[in-house]
Amino acid sequence: RKIERLCPTELSIGSAIVMMRRNVLLGVASIVALASPAAAFNAPALSPCSFAATRTAACNVAAKARLPSFGRKSMPLAAPRQAAAGPSMKGYSIDLTGKVAFIAGVADASGYGWAIAKQLANAGATIVVGTWPPVLTLFERGIKKGFGEDGQLLDGTAMVIDKIYPLDAMFSNPSEVPDDIKANKRYAGITGYDIESCAAKVKADYGKVDILIHSLANGPEVTRPLLDTSRAGYLAASSASAYSAVSMLGHFGPMMPKGSSFLSLSYLASEMVVPGYGGGMSSAKAQLESDTKVLSWEAGRKYGIRVNTISAGPLASRAAIAIKKGAAGERNYIDYCIDYNIANSPLAKPLFADDVGRAALGLCSELSGAVTGTCAYVDNGMHCMGLTVDSNSFKEYIDQQSGDPWDNWKAEYGFQNNMPQ
């Protein structure tokens, strides 16, 4: 900007390159610095990307309990939670004061949506959320009672959710709501929960939305293999998990100022095979990531909005546990997914919801002002692996090796490395 003011008609190629490098560095800083823990451990959505975070004790218990399960059984574990890192770095300060953030898909304090809301609140944003009508009363009751440390901000105060709106993202406008839903007792006394009506109420109350978060998904047949998924189940997963993002941006976009940010949550199953994640959910996540690119172009040109998605790794939230819950005394499907990631990821450690929350904060801030149309992986690097070291076909060879680097390459390393000292 200084260069343009000094010589508006003689902006050299070299100066332009310097400006572009600055934007790139700011974007990288937002993803790298904010996605990395700033301190040691203090420790929505039917998808493995709806996960929670915990404190030191819970983290240590999780690390100890999640020793490689090779042949053993263990009890399901609560989702670990980690203390939030600050919204500031040396030389940078993220100030979202005056910004309105709408997070769709928050229903408790155990998911990625909540973690993102908390990080945005740490930076000063006004937080408003959209909650699925059947659990609205329960969530409001939880807010009133308080979520303890899970809702505590960096300054020691409790996060304030300025307003909660009923939102069922399966319906874009009132005409799409079927009679059986209107008559359902779980929706009794609740109106205006379609996307269009919700957006209109938010605009009437706040006039704008600067940050729009899509943190919801649902696949009614997620436990079925894709080959056995019905047309209705497949389309339902697509509607709730992918098209809902398109509809949300279409209805909220007109009230979003230039420079605003839209962010959704995806999962690695969009591009790689994850056995057990069925019912068309992998297809829905692939749609979501493809739509991210198209929407970045369309919403960017029409409204000046940035559109990105985060592909988050697995962690045991309440919703993720429900995908395939084990019998009494048995582990859940998501517990095995977590073990697999710790054993095989480049960063052999648990993933916390606040890891995703910090990355989201960076992507939604001015540090990422030139970043759009991207899928940012926040999964400890699992997405880049082509060979897993704990597979039966390869583990025998790995186990026969010793010394550097083999000791750090073994599947057990991630679990032993995260044991409490």
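Hi everyone, this is a short tour of one helix contact and a few salt bridges in the structure above. Please keep in mind that this is a predicted model.

Let's start with the helices. The axes of α4, residues 112-122, and α12, residues 353-364, come within 8 Å and cross at roughly 50°. That angle is neither under 35 degrees nor in the 65 to 115 range, so α4 and α12 count as oblique to each other. The crossing of α4 past α12 is right-handed. On the α4 side, the contact involves Tyr112, Ala115, Ile116, Lys118, Gln119 and Leu120. From α12, the residues taking part include Ala353, Asp354, Val356, Gly357 and Arg358. By class, the contact between α4 and α12 has nine nonpolar, two polar and three charged residues.

Let's stay with Arg358 for a moment. Which residue forms a salt bridge with Arg358? The partner is Asp355, with the closest N and O atoms 2.8 Å apart. Both residues sit in α12, three residues apart, or about one turn of the helix. Asp355 has 5% relative accessibility, so Asp355 counts as buried. Arg358 is buried too, at 2%.

Now, how many salt bridges are there by this rule? The count is six, and I'd like to show you two others. Lys208 and Asp210 join through their side chains at 3.1 Å, N to O. Here Lys208 is partly exposed at 26% relative accessibility, whereas Asp210 is buried at 6%. Then there is Asp407 with Lys410, at 3.9 Å, N to O. Asp407 is partly exposed, at 40%, while Lys410, at 18%, counts as buried.

Thanks for listening!

Terms used: Residues numbered from 1 in each chain as written. Predicted model: local features only at pLDDT ≥ 70, side-chain atom pairs only at ≥ 80, totals over all residues. Heavy atoms only, no water. Axes fitted to C-alpha atoms, helices over the stretch in contact; angles between N-to-C directions. Helix = DSSP H or I, 4+ residues; strand = E, 2+ residues; numbered from the N terminus. Parallel < 35°, antiparallel > 145°, perpendicular 65-115°, else oblique. Left-handed = near helix turned anticlockwise from the far one by under 90°. Contact = heavy atoms within 4.5 Å. Nonpolar A, V, L, I, M, F, W, Y, C, P; charged D, E, K, R; others polar. Salt bridge = Lys/Arg side-chain N within 4 Å of Asp/Glu carboxyl O. Buried < 20%, exposed > 50% of the residue type's maximum accessible area, 1.4 Å probe, protein only.
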